[in-house]
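Trainee: I have a new structure open and would like to talk it through. Could we begin with the sequence and the model?

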Amino acid sequence: MVDKTYIPKGEVPPASQIGATLEALGATIAARREADETSYTHRLLTGSVDGVLKKVMEEAGEVALAAKDVEGWATSSLAAAVALQAAGDKAADDQSETLGQGGAAAELQPLSVQLPPEYGEAVDHLRYEAADVVYHLLVVLERYGISLDEFAAELNMRMTDEERPAGAVRLHGEYVRRGK
């Protein structure tokens, strides 16, 4: 296989928890190519390409739906908190007028948003679905011989020199292709 990436001389690759996890997952996926038919990953790697591509599309859709659920819980909880705050402010104004202090309440309480447990469950579900889409994407990359370093280099090439971490792997110029 052609080495399409490099790290500039004198730069040290960054240590990364996600990097170590993705490398371990990538190695596991690659090893499953030699597993038997009982391995789900083996079947994705060696079966019809339509099967694994369908999973990537399905999981990406599930990430979108899970993100919408999180957003729905967040905005509905925020709306409820704002309504409660407004009701509390009105009650304070009414009480101030009754006591003869007139006008707005002297001290308004800051808005406090208590997100329901369902919000946390929705965030957990989003994380779960995101892991599914990343896993299936890594299977597609392995299927076509794209290493994690090569994939990381592609992502790193999308950053400016100032944004890119020192020591980050990059693509050699002849492999930088944008679109068809």
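Mentor: The conversation below goes from the overall fold to the pockets and then to individual residues. Please keep in mind that this is a predicted model.

Trainee: Fine. How many helices and strands are there in the protein?

Mentor: The protein has five helices and two strands. Their order along the sequence is β-α-α-α-α-α-β.

Trainee: And what percentage of the residues count as buried?

Mentor: Of the 180 residues, 23% count as buried. The protein exposes about 12,100 Å², and carbon and sulfur atoms supply 59% of that area.

Trainee: What about contacts between residues 24 or more positions apart?

Mentor: Such pairs account for 70% of the contacts in the protein with a separation of 6 or more.

Trainee: Let us turn to pockets. How much space lies in the largest pocket?

Mentor: About 600 Å³ of space lies there. The lining of the largest pocket consists of 22 residues, and those nearest its centre are Ser16, Gly19, Glu23, Asp149 and Ala152.

Trainee: Which helices supply at least two residues each of that lining?

Mentor: They are α1 (17–31), α4 (117–143) and α5 (148–156). The largest share comes from α5, with six residues.

Trainee: How does the lining of the largest pocket divide into nonpolar, polar and charged residues?

Mentor: There are 16 nonpolar, four polar and two charged residues in the lining of the largest pocket.

Trainee: And what is the division for the second largest pocket?

Mentor: In the second largest pocket, the lining has six charged, four nonpolar and one polar residue. About 220 Å³ of space lies in this pocket. Among the residues that line it are Lys4, Glu150, Phe151, Glu154 and Arg158, and others include Tyr175, Arg177 and Arg178.

Trainee: Where does the largest share of that second lining come from?

Mentor: It comes from α5, which supplies three residues. For the largest pocket, too, the largest share of the lining comes from α5.

Trainee: Then let us stay with α5. Which of its residues are buried?

Mentor: The buried residues of α5 are Glu150, Ala153, Glu154 and Asn156. They lie on the same side of α5, because they cover an arc of only 165° around the axis.

Trainee: What covers those buried residues?

Mentor: The cover includes two strands, β1 (5–6) and β2 (170–171). Two of the buried residues of α5, Glu150 and Glu154, are also among the residues that line the second largest pocket.

Trainee: Changing topic: where is leucine 141 found?

Mentor: Leucine 141 is part of helix α4. Its relative accessibility is 10%, so leucine 141 counts as buried.

Trainee: What is leucine 141 in contact with, leaving aside neighbours within four places in sequence?

Mentor: Leucine 141 is in contact with Ile146 and Phe151. Both of those partners, Ile146 and Phe151, also line the second largest pocket.

Trainee: How far apart are leucine 141 and leucine 45 in space?

Mentor: Their C-alpha atoms are 9.7 Å apart, although leucine 141 and leucine 45 are 96 residues apart in sequence.

Trainee: One last residue: is lysine 55 buried or exposed?

Mentor: Lysine 55 is buried, because its relative accessible area is 19% and the cut-off for buried is under 20%. Lysine 55 lies in helix α3, which runs over residues 49–98.

Trainee: And what does lysine 55 touch?

Mentor: Not counting residues up to four places away in sequence, lysine 55 touches Tyr40, Leu44 and His136.

Conventions: Residues numbered from 1 in each chain as written. Predicted model: local features only at pLDDT ≥ 70, side-chain atom pairs only at ≥ 80, totals over all residues. Heavy atoms only, no water. Helix = DSSP H or I, 4+ residues; strand = E, 2+ residues; numbered from the N terminus. Buried < 20%, exposed > 50% of the residue type's maximum accessible area, 1.4 Å probe, protein only. Contact = heavy atoms within 4.5 Å. 1 Å grid on protein atoms, 1.4 Å probe; cavity = no way out; pocket = protein on both sides within 12 Å on 5 of 7 lines; lining within 4 Å. Points joined across faces, edges and corners; volume = space filled by probe spheres on them. Nonpolar A, V, L, I, M, F, W, Y, C, P; charged D, E, K, R; others polar. Areas by Shrake-Rupley, 256 points an atom, 1.4 Å probe, with all protein chains shown as cover. Arc of directions from axis to C-beta.
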